[in-house]
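Trainee: Could you take me through one part of this protein in detail? I'd like a close look at the sheet and what sits around it.

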Amino acid sequence: MLMKEYRICMPLTVDEYRIGQLYMISKHSCEQSGGGEGVEVVRNEPSVHPEYGPGQLTEKRIYLSSKLPSWAKALVPRFFYVTETAWNFYPYTITEYSVSFLSKFSVRIETRFENNNGDNDNVFGDTPTPAQKVSFLDILSDPIPEKHYKTVEDLSLWQSSKTHRGPLGEGWRDNHKPIMCSYKRVQCSFEVYGFQTRTEEFIHKNIRDILLVGHRQAVAWIDEWHGLSLDDVRDYEQTMQEKTNSKVKSELNTGPPTASRPVFSRSISVTDERSLMKMGVTTAAISDPPPSSSVPHIPIRLHSTPE
C-alpha cells in the first residue's frame, strides 16, 4: 500500500468552498464525459454513516478504459468502470474506489478542509503524516497535463469580478487572505505481483493531476458559483448529473464506431484460473464467449459492489 498526504491551498474560505466544491465536481464531471467514458451518478442522497453520523452519500461509476496505460489494459476488459463511493460530512469527507473483478485494488481518500495555509501536521487527529509523505500542490505554478490547460483557468491571469480576488502571484499562500487548505490522505493498494509498484505510482500521479485541475477550476469558476445557496447548488448538481448521465449512457448504449472486434480483445498473459485468482481477478468476469455464441456489439458493464 502506498500512502501520501496532499495539501492544496486556495484563496477561499471553508464555508465558500462547500458551495464551490459541489459546483466544480458537477461541472467538471460533465465536461470530462463523452466518447463512451465519463462519470455516471448512480445515487446521491442523504445517509447516516455508522461512525460519522448524518451526511451525503454519493455513488458513481467512472468509465475510463482509454485512459489506462498499455500495460494496465492487459489486466482489464475493454469496457469496465470503477465504482466511487463518497460520504460527505463537510468539512470532512471519505471517498473509496473499487473494481468488482479486481478484489486486490482499492483507493481510499480522507479529506479535511481548514482555514489555514496547510500548516496543520496532524489534521486527521490520529498519527501525524511523516514529512516525506506530505506533498504541497500549488494551483498557481505546478504543471498540469497540457490537454487540461485553459487560459481562463490560469490563476496567474484570473481575476474575480464578484470577489475582487486575483490574480495570484509568487508567495500567495503565505500572504493571501482568505486562505484555506484541502488536506487529502490518499491510500492506494494494488497487491498484484509484478504490477503493484507501478500501478500504485500511476494512481497517485493521476490523483495529483485531478486534484490540481479540480482545485484550479473551483477557484477560476468562482464568479459562476459565489453567492449560491446550498439549495441552489444542489439544484444545479441535480441538473448536471442528469445531463452527464444522459451523455454517458447514450454513448455506451450506442457502442463504439467500430464494433467488429470482440468486446474483450485483450488477454492476460497468465491464463490458468489459479494464477488469475491470486491476482484478484474473477475469471468469470473476463472469460471469452463460447465459439458458438455471437459477440454483442454493445459495451458490457461489469457491476461493482460499493463497500
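Mentor: Helices and strands here are DSSP runs, numbered from the N terminus, with at least four residues for a helix and at least two for a strand. Keep in mind that this is a predicted model.

With that naming, the chain has eight helices and eight strands. Its length is 307 residues, and 50% of them count as buried. Of the contacts with a separation of 6 or more, 73% are between residues 24 or more positions apart.

Now the sheet. Eight strands make up an open sheet with mixed pairing, and the order across it is S2-S3-S4-S5-S6-S8-S1-S7. S2 and S7 are at the edges with a single partner strand each, so each has one side without a neighbour in the sheet. On average, neighbouring strands are turned by 20° against each other, ignoring direction.

Start at the S2 edge. S2 covers residues 38-49, S3 covers 53-63, and the two run antiparallel, joined by 11 bridges. The link between S2 and S3 is a hairpin of three residues. To find your place in that pair, look for Val-39, whose bridge partner in S3 is Ile-62.

At the other edge, S7 runs parallel to S1 (residues 2-10), with four bridges between them. Tyr-6 is a handy marker here, as its bridge partner in S7 is Ser-135.

Two helices lie across these strands. H1, residues 14-31, lies across S1, S2, S3, S4, S6 and S8, and runs at about 145° to S6. H4, residues 196-220, lies across S1, S6, S7 and S8, and runs at about 10° to S1.

Next, follow the chain out of S7. The loop between S7 and H3 (172-175) holds Asp-142. Is Asp-142 buried or exposed? With a relative accessible area of 18%, Asp-142 is buried, because the cut-off for buried is under 20%. A polar atom of the Asp-142 side chain lies 2.9 Å from the backbone nitrogen of Asp-138. Leaving out residues up to four places away in sequence, Asp-142 touches Phe-136, Leu-137, Arg-208 and Leu-212.

Phe-136 also leads us to another loop residue, Asn-117. That asparagine is in the loop between S6 (102-114) and S7 (134-137). Beyond residues up to four places away, Asn-117 touches Cys-9, Phe-136, Arg-173, Asp-174, Ile-179 and Cys-181. His-176 is 59 residues from Asn-117 in sequence, yet their C-alpha atoms are 9.3 Å apart in space. Asn-117 counts as partly exposed because its relative accessibility is 25%.

Two of those Asn-117 contacts, Cys-9 and Cys-181, may have you thinking about disulfides. How many does the whole structure hold? A search finds zero. Cys-181 is in no disulfide, and the nearest cysteine sulfur, that of Cys-9, is 4.1 Å away. The cut-off is 2.5 Å between sulfur atoms, so a pair at 4.1 Å does not count. Cys-181 is buried, since its relative accessibility is 0%. Cys-30 is buried as well, with a relative accessible area of 6%.

One last item, for the outside of the chain: the accessible surface comes to about 15,500 Å², and 52% of that belongs to carbon and sulfur atoms.

Terms used
Residues numbered from 1 in each chain as written. Predicted model: local features only at pLDDT ≥ 70, side-chain atom pairs only at ≥ 80, totals over all residues. Heavy atoms only, no water. Pairing = 2+ DSSP bridges. Buried < 20%, exposed > 50% of the residue type's maximum accessible area, 1.4 Å probe, protein only. Contact = heavy atoms within 4.5 Å. Areas by Shrake-Rupley, 256 points an atom, 1.4 Å probe, with all protein chains shown as cover. Axes fitted to C-alpha atoms, helices over the stretch in contact; angles between N-to-C directions. Polar contact = N/O pair within 3.5 Å; in protein donor to acceptor, adjacent residues only side chain to side chain.
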